[in-house]
Amino acid sequence: MKAARWVGLGRVKCEDVPVPPVADGEILVRTVYASICGSDLHEVFFETPPPSMPAGHAGQQLGTVVYALRRHPLDLVGRDAAVIGQGSAGAFFTFLLKRAGVARVLVSDLSPARLAYGRRLGAGLAVDAGSTDFRAAVLEETGGRGADFVVEAVGSRETFPLSLELAAAESSILWFGLPEGVADYPIAFNDFFRRKLTAYSAYGAQGEPGLESFRYAVRLIADAAIDVSPLLSHMLPIEEVGEAFRIARERTGNALKVSIKF
């Protein structure tokens, strides 16, 4: 069978590998499609990844976002939220926050295509972070107060400090983006402390009993509550998995979600 294998930092290639044996109580699943997640990019380009690449799709990613919001329920009806990054995870936060009654979801990204998708899912303000100061935009929109809830959905050292700068006093921050590498990130703790902020991270949705967050995500897609078809911007055969990872990292051609067909 065909498999995507990590062969060195920043290098993934397609190989023929034996079909694994099936033990008692196990089943063998044939993969037809898989999508490259932001976490895959981190593992391939920033740190030593596992020997085989994980497979994901829109329902899986949406499920992780549902799970993250359920971990720390907040009453955000009529409030303002800011989301840093509009990749699939950030866009799904935009959708779910708006669906939960948030008055305005203010978002930023470097990709025009991702910003356009964020608007489709309910973003009230979509800022090109390459040309506009997102912090200034959020403060202007909120009368200088900041957002009541901030989601950092990128994970980079550049955007991480911004999550504190966007937050209103006594608000909450969700650090969802996977960190780059294993080195520590700096934090303005005095500012965090004095403004009585609350922050948390969330991952591990696959360990949720009953996988209810994933089931809910699949229902949202099946019921057409959310249109995920725009995410399928690039589809490449498994033989071109290396090129697929390059496109996903560089966002070539306004790539939203790069997928692989087996």
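**Close-up views of a predicted model**

**View 1. Packing of helix α2 against helix α3.** Residues A58, Q61, L62, V65, V66, A68 and L69 of α2 are in contact with S88, A89, F92, F93, L96 and L97 of α3. Sorted by class, this contact between α2 and α3 comprises 11 nonpolar and 2 polar residues, with no charged residues. As throughout these legends, the coordinates shown belong to a predicted model. The two helices, α2 spanning residues 58–71 and α3 spanning residues 88–99, have axes that come within 9 Å of one another and cross at roughly 55°. This angle makes α2 oblique to α3, since it falls outside the ranges under 35, over 145 and 65 to 115 degrees that are reserved for the other descriptions. The handedness of the crossing between α2 and α3 is right-handed.

**View 2. The open sheet of 6 strands and the helix that packs on it.** In this sheet the strands follow one another in the order β6-β5-β4-β7-β8-β9, and the pairing is parallel. Strands β6 and β9 form the edges, each of them pairing on one side only. On average, neighbouring strands of this sheet are turned by 15° against each other, when direction is ignored. Helix α5, residues 134–141, packs on the sheet and touches β4 (80–84), β5 (104–109), β6 and β7, while its direction makes about 170° with that of β5. Within the sheet, β7 (residues 147–152) and β8 run parallel and are joined by 5 bridges. One bridge pair links these two strands through F149, whose partner in β8 is S172.

**View 3. Surroundings of S171 in strand β8.** S171 lies in β8, which covers residues 167–175. With a relative accessible area of 4%, S171 is buried, because that value is under the 20% limit for a buried residue. When neighbours within four places in sequence are set aside, the contacts of S171 are with A147, D148, K196, L197 and T198. One of these contacts, K196, sits in the loop between α7 (189–194) and β9 (198–201). In contrast to the buried S171, K196 counts as exposed, at 57% relative accessibility.

**View 4. Surroundings of V127 in strand β6.** V127 belongs to β6, a strand made up of residues 125–128. Its relative accessible area is 5%, so V127 is buried. Not counting residues up to four places away in sequence, V127 touches V107, S108, D109, L115, T132, F134 and A137. For orientation towards the helix contact of the opening view, V127 and F92 are 35 residues apart along the chain, and their C-alpha atoms are separated by 17 Å.

**View 5. Two residues with a positive phi in loops.** Most residues other than glycine have a negative phi. K196, although it is not a glycine, has a positive phi of about 55°, and its place is in the loop between α7 and β9. A224 is likewise not a glycine and has a positive phi, of about 65°. The loop that holds A224 runs between α8 (212–222) and β10. A224 is exposed, with a relative accessible area of 62%, and K196 is also exposed, at 57%.

**View 6. The hairpin of β1 and β2.** Strand β1 (residues 2–8) and strand β2 (residues 11–16) run antiparallel and are joined by 6 bridges. Among the residues involved, R5 has K13 of β2 as its bridge partner. The two strands form a hairpin with 2 residues between them, and in this turn G10 has a positive phi of about 80°.

**View 7. The open sheet of 3 strands.** The strand order in this sheet is β3-β11-β10, and the pairing is mixed. Its edge strands are β3 (33–35) and β10 (232–237), each of which pairs on one side only. Neighbouring strands of this sheet are turned against each other by 30° on average, with direction ignored. The pairing of β10 with β11 (residues 257–261) is in the parallel sense and extends over 5 bridges. L236 is placed opposite I260 of β11.

Notes: Residues numbered from 1 in each chain as written. Predicted model: local features only at pLDDT ≥ 70, side-chain atom pairs only at ≥ 80, totals over all residues. Heavy atoms only, no water. Pairing = 2+ DSSP bridges. Helix = DSSP H or I, 4+ residues; strand = E, 2+ residues; numbered from the N terminus. Axes fitted to C-alpha atoms, helices over the stretch in contact; angles between N-to-C directions. Left-handed = near helix turned anticlockwise from the far one by under 90°. Contact = heavy atoms within 4.5 Å. Nonpolar A, V, L, I, M, F, W, Y, C, P; charged D, E, K, R; others polar. Buried < 20%, exposed > 50% of the residue type's maximum accessible area, 1.4 Å probe, protein only.
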